[in-house]
Amino acid sequence: MTELAAAKAALQTQAVETPSWAYGNSGTRFKVFAQEGVPRTPQEKLDDAAKVHEFTGVAPTVALHIPWDRVEDYAALAGHAADRGVRLGTINSNTFQDDDYRLGSICHPEAGVRRKAVDHLLECVDIMDATGSRDLKLWFADGTNYPGQDDIRARQDRLAEGLAEVYERLGEGQRLLLEYKLFEPAFYTTDVPDWGTAYAHCLKLGEKAQVVVDTGHHAPGTNIEFIVATLLREGKLGGFDFNSRFYADDDLMVGAADPFQLFRIMYEVIRGGGFTPQVAFMLDQCHNIEAKIPAIIRSVMNVQEATAKALLVDPSALADAQRAGDVLEANAVLMDAYNTDVRPLLREVREEMGLDPEPLVAYRRSGWAERIVAERVGGEQAGWGA
């Protein structure tokens, strides 16, 4: 198989999970701008996600967020997804939108609050059982704002204790994905602030615990591809939350701020053997002012383009240049791949998959945007208010 044919075959197997919350209204801490046609129920979110998959062919699963997507019958919700041609994916917990969590959740100094938080996480595993989901993704807003506010080491002990209880509840084939975040909403200490902290807890928990890398959760200048390479080397990279940021955790469309960074990350994924179903690729974005579904389609396409360029890196030429100590040639090999216009290649891939070669054009032509504006009148739109 030629290099180009191998790249096309790999691209046809790619899967990018879309998040249910990205289809709802979102915004900044100051204002949420509502849009017409936004889903009102988890079912309508799945309907929109199915359209993304219909036109891209590589977005077969949808992540849920509990309690935002809480329903009475999760098996029925999974059936609704299947009827639309998609599946339910990662279950995301929420331990940051309750008054009890003002001083933390799983790391809170009061045992009763910690019990409430852990019970919620156990509920999420119950939901995984009902939906057939593999991954439980945990992000904690826990931390402190002022020196002396709480005992830093004791909070780590509480975190380890809570994670261990949830880990023991996992069933066969289920995983715990631990996400880290540099800051926000805690400004003095964050209880899971970096990949090293997440890695240390996952290493202690066991094989079912993996680190998830949110590409927006790093200080400016952080070499994210180094983190990715290291976690892959240690067998502890469980997945990604793809988005972009210019300043902090902006949750902009993946590849919007620094497409070269996304390419470098995807190269390390491929180089490190991470282009497999064991590494989950998920979007985690807020589409505050742009139309939701087209933005998500564009985001999926951005991931595809970065992946295609990474697949076109000539590994033999790169290895030769590295062994020879030829700095400029090694860099040129990477840059040649990055500067390749892969859009014609991806159009061919889509046509071979029986798809329209231009997903955004096909979506606009479908009339779905006009239909949901006309039909989704009344009720309460999904999202969060500000």
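**Notebook: strands and salt bridges**

I began with strand S9, and I found that S9 and strand S10 (residues 280-283) pair in the parallel sense over four bridges. I keep in mind that this is a predicted model.

I then looked up a residue pair across these two strands: Phe240 has Phe281 in S10 as its bridge partner. Next I followed the chain from S9 to S10, and it crosses through helix H8 (residues 259-271) in a right-handed β-α-β crossover.

Which other strand pairs with S9 in the parallel sense? I found strand S8 (residues 209-214), joined to S9 over four bridges. Here Val211 stands opposite Leu237 in S9. I also noted helix H7 (residues 224-233), which makes a right-handed β-α-β unit together with S8 and S9.

Is S9 buried or exposed? I checked residues 237-242, and six of the six are buried, so the strand is largely enclosed by the rest of the structure.

**Entry two: charged pairs**

My reminder to myself: side chains of opposite charge can pair when their charged atoms come close. I looked up how many salt bridges the structure holds, and the count is 33.

I started with Glu44 and Arg40, whose side chains meet in a salt bridge at 2.6 Å, N to O. I wanted to know how covered each partner is. Glu44 has 13% relative accessibility, and because buried means under 20%, Glu44 counts as buried. Arg40 comes out at 24%, so Arg40 is partly exposed.

My second pair was Arg70 and Glu123, with a salt bridge of 3.0 Å, N to O. I traced where they sit: Arg70 is in the loop between strand S2 (61-65) and helix H3 (74-83), while Glu123 is in helix H4 (residues 111-131). They are 53 residues apart, and the pair links distant parts of the chain. Arg70 is partly exposed, with a relative accessible area of 43%, and Glu123 is partly exposed at 25%.

My third pair was Arg115 and Glu165, which meet in a salt bridge at 2.7 Å, N to O. Arg115 is in helix H4 and Glu165 is in helix H5 (residues 152-169), so I wrote this down as a link between distant parts of the chain, 50 residues apart. Arg115 counts as partly exposed at 35% relative accessibility, and Glu165 is partly exposed at 33%.

Last, I looked for salt bridges that share partners, and I found that they join Arg29, Lys181, Glu184 and Asp249 into one network.

Technical notes. Residues are numbered from 1 along each chain as its sequence is written. This is a predicted model: local features need pLDDT of at least 70, side-chain atom pairs count only at pLDDT 80 or more; totals for chains, interfaces and linings use all residues. Side-chain values use heavy atoms; hydrogens and water are left out. A salt bridge is a side-chain nitrogen of Lys or Arg within 4 Å of a carboxyl oxygen of Asp or Glu. Buried means under 20% relative accessible area, exposed over 50%, partly exposed in between (1.4 Å probe, protein chains only). Two strands pair if DSSP finds at least two bridges between them. A crossover is right-handed if, with the strands pointing away from the viewer, the path from the first strand over the helix to the second runs clockwise.
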